[in-house]
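Q: I am new to this structure and would like a close look at a single part of it, the largest pocket. Please describe that part with care, and then place it in its surroundings.

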Amino acid sequence: MAKGKVGKTVESLGDYLKEQRIAARLSLRQLAEQAGVSNPYLSQIERGLRRPSAEVLQQIARALRISAEQLYIRAGIISPEDGVGGSVELAVLNDTGLTERQKQSLLDVYASFLALNAGRPEDSAQPES
């Protein structure tokens, strides 16, 4: 198995997290402790080797006192066009009654419907009356 990075979005997420951590004058260890994640795991996220869940991103955002939505966008969980506060993705991610796995499953199904409908003319994307 190759030792490459998980992906460009994760790499830019890691760079962004490191910048925010440094701006907050926190060591990697301090941020990991405040966010409730392990030091090695946070290091791997910053280096672009691991893809964190929405829940972990929320914990990190809380510890850094920054917007979780910005981290979701940088991680590729939601797109900037969705807007903040009104997107289906944010509603799913903020639902405390769902597990992380259930949230990811819902987001995957939603994304597949959007991709399917993107290839159709507008009239055929609408249900028939």
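A: The lining of the largest pocket draws on two parts of the chain, with at least three residues coming from domain 1 (2–79) and at least three from domain 2 (86–117), the bounds being those of an automatic or database domain assignment. The model is a predicted one, in which local features need pLDDT of at least 70 and side-chain atom pairs count only at pLDDT 80 or more, while totals for chains, interfaces and linings use all residues. Residues are numbered from 1 along each chain as its sequence is written, and side-chain values use heavy atoms, without hydrogens or water.

The largest pocket (an open set of points on a 1 Å grid where a 1.4 Å probe fits, with protein on both sides within 12 Å along at least five of seven lines) has as its lining the residues with an atom within 4 Å of a point. These number 18, and Gly76, Ile77, Gln104, Leu107 and Asp108 are the ones that lie nearest the centre of the pocket. Two elements, α6 (88–94) and α7 (100–118), each give two or more residues to this lining, and α7 supplies the largest share, namely nine residues. By type, the lining of the largest pocket holds nine nonpolar, three polar and six charged residues, where Asp, Glu, Lys and Arg count as charged, Ala, Val, Leu, Ile, Met, Phe, Trp, Tyr, Cys and Pro as nonpolar, and the others, Gly among them, as polar. The space in the largest pocket comes to about 350 Å³, a volume being what is filled by probe spheres set on the points.

Around this pocket, the protein is built from eight helices and zero strands (DSSP runs of H or I with at least four residues, and of E with at least two). Of its 129 residues, 31% are buried, that is, under 20% relative accessible area with a 1.4 Å probe, whereas exposed means over 50%. Helix α4, which spans residues 54–64, has Ala54, Val56, Leu57, Ile60, Ala61, Ala63 and Leu64 among its residues as buried ones. Just after α4 comes arginine 65, which lies in the loop between α4 and α5 (68–74) and has a positive phi of about 60° although it is not a glycine. With a relative accessibility of 76%, arginine 65 counts as exposed. Arginine 25, placed in the loop between α1 (8–23) and α2 (28–35), also has a positive phi, near 55°, and arginine 25 is exposed at a relative accessible area of 75%. For comparison, most residues other than glycine have a negative phi.
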